[in-house]
Amino acid sequence: MINRAVIVDFGSQYTHLIARRIRELMVYSEIVPFWDADKISEAEAIILSGGPMSVYDEDSPKISRDLLESWIKRGIPILGICYGHQLLAHILGGKVEKGAQGEYGPTYLEIVKDSPLFNGLPRQFKVWMNHRDSVYSLPRGFHVVARTKDTPIAAFENLDLKIFGVQFHPEVEHTENGIKILDNFLSFCGCKRDWKIENLAEKKIKELRRRIGDARVIVAVSGGVDSTTLAYLLKKAIGNNLHVVFINTGFLREHEPEETLKLLRDLGFENIEYVDASERFIKEIANISDPEEKRQIFARVYAGVLEEVAKNLVSRYQNLRYFAQGTIYPDRIESAATGARPSKIKSHHNVVMPTIEMLEKLEPLADLYKDEVRKLAKELGLPECVYKKQPFPGPGLLVRILGKVTPEKLEICRKAHRIVEEEANKWGLASTLWQIFPVVLNSKSTGIKGDARAYEYIVAIRAVISSDGMTADAARLPWEFLETIARRITGEIPGVCRVLYDITSKPPATIEFE
């Protein structure tokens, strides 16, 4: 019998995070979309994910009561998370209602009844919420296990039916004791802890060799950890049959083109195709202010440039059959390119860009999270400067300039990045943060410079702590550090008279502004 936990996906941004946490606890996990839930044949545990909809929405994803009762009759323990928690209550006769206010971000959970789910945990701790609807009355035979200030039924159970529900997200790192809650659930289910993944790099290399054979591949590289790791993985798999394409989009940081080309040469790549398409990108996007439209245009232009390179290479190498991208799972989630009806957050160019007609797409990292890519990079032997590098968006400074992109705003953004990076390194903060960067807002503010009125742009600083980019907390940076950055930006960069610091968590905000 297969020892596994099955996660039924209702479109949550965090479904794969649940699966990953279960695997970290050494239990094999699989994800099944809700419409295939009736095909679950064997499982030691079933987890119902969260989702962006209400159980009362006409087209909301659901499973039938008959299916749920069949799992109960088979004695399979079930855990509902967020939407899954609400759906269990709704199907079995409880009541779900829209709350007077939503709960987004951290709140304190109070345990009001002993439960196998909370074995060994304190009576109160911080959890991560992201909901508006709540369970207001329970089905017959169910008991309240925990509550928060705004959610009277934050966790419930029916031990006879082996059903548990939690309104919060135990899978995200911001929930204290979240891993322990999942661990307790797996222990209640009697799951064997016999699954582990080893030698990921070796397995990926073998998979790529088997799929690609003697064909050639082009890979788009930006110098970031994802694309560089993928390129190096492909280099290990197919050697000189790899062609690395680095496109200067015009939205890179100071000296980034030169630094990236040097890195690629130092890593031993031989077939490097460098394309300076900066004027083309800037011209296409110059008068666009809508963030989604900017991303879509960027993706289209990027694909066009890449296709031109591909056509040129195909004319020289008839066995060029694939193009590879360093897409990772959070990119796909936020672009709504995975799962069961996930809510689209924003378009990532490497997910939504049109396919290159003549080539088959390869995305070997598409089911990995950023921290897993870093581990893979380290296993491949890449230097620290690669696997410890902070994330930088594919569209670059384009998504860190709100509103229309102008030469002035682009120059401000470049200079502000240099200042922020210099100071973060000087203060020893860069290595402790997931990301730190400036954003040029699409508004101006009144200030005073040289005893005269100034009406200039506003720069916001964003610094977050995270392990996977799926959730994030604003970093509590030293006040003197922030003062230094503000003083340098307003003093060294013409056109800026105000600097702000963003203290919003993710959710409700995303890490990037656009």
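1. Taken over C-alpha atoms, the centres of domain 2 and domain 3 are separated by 28 Å, and the contact between these two parts takes twelve residues from domain 2 and ten residues from domain 3. The model is a predicted one, and its domain assignment gives domain 1 (5–189), domain 2 (200–388) and domain 3 (407–502).

2. The largest nonpolar core has 49 residues, and among these I218, F251, F281, L306, I436, L477 and I489 touch the most other members. Helix α9, which covers residues 291–316, gives the most to this core, with nine residues, and the core draws at least three residues from each of domain 2 and domain 3. As background for a first reading, nonpolar side chains tend to be buried together in soluble globular proteins.

3. F251 is a useful residue to select on the screen, and when residues up to four places away in sequence are not counted, its contacts include F281, I282, I285 and F298. Also in contact with F251 are F392, P395, G396, L397, L398, V405, L410 and R414. Apart from this core there is a second, separate one of 39 residues, which includes A201, V219, A237 and L261.

4. In the early part of the chain, strand β3 (residues 45–48) is covered on both faces, with A45 and I47 buried on one side and I46 and L48 buried on the other. Strand β1 (residues 4–9) pairs with β3 in the parallel sense over four bridges, and V8 stands opposite L48. Strand β4 (residues 78–81) also runs parallel to β3, to which it is joined by three bridges, and here I47 stands opposite L79. Between β3 and β4 the chain passes through helix α2 (residues 65–73), in a β-α-β crossover that is right-handed.

5. Which residue in the loop between β4 and α3 should be checked for its backbone angle? That residue is C82, which lies in the loop between β4 and α3 (83–91) and has a positive phi of about 55° although it is not a glycine. In general, most residues other than glycine have a negative phi. C82 counts as buried, because its relative accessibility is 4%, and buried means under 20%.

6. K162 also has a positive phi, near 60°, in a residue other than glycine, and its place is in the loop between β8 (155–158) and β9 (163–166). With a relative accessibility of 32%, K162 counts as partly exposed.

7. Is S115 buried or exposed? S115 is found in the loop between β5 (95–111) and β6 (124–137), yet at 6% relative accessibility S115 counts as buried. Leaving out residues up to four places away in sequence, S115 touches V145, E157 and F164.

8. How many disulfides does the model contain? The count comes to zero, and two cysteines illustrate the result. C191 is in no disulfide, because the nearest cysteine sulfur, that of C189, is 4.9 Å away, whereas a disulfide needs the two sulfur atoms within 2.5 Å. C413 is in no disulfide either, and the nearest cysteine sulfur, that of C497, is 17 Å away. As for their surroundings, C191 is buried with a relative accessible area of 8%, and C413 counts as buried at 0% relative accessibility.

Key
Residues numbered from 1 in each chain as written. Predicted model: local features only at pLDDT ≥ 70, side-chain atom pairs only at ≥ 80, totals over all residues. Heavy atoms only, no water. Buried < 20%, exposed > 50% of the residue type's maximum accessible area, 1.4 Å probe, protein only. Helix = DSSP H or I, 4+ residues; strand = E, 2+ residues; numbered from the N terminus. Pairing = 2+ DSSP bridges. Right-handed = clockwise from strand over helix to strand, strands pointing away. Core = buried A, V, L, I, M, F, W, Y, C linked by side-chain atoms within 4.5 Å. Domains from an automatic or database assignment. Contact = heavy atoms within 4.5 Å.
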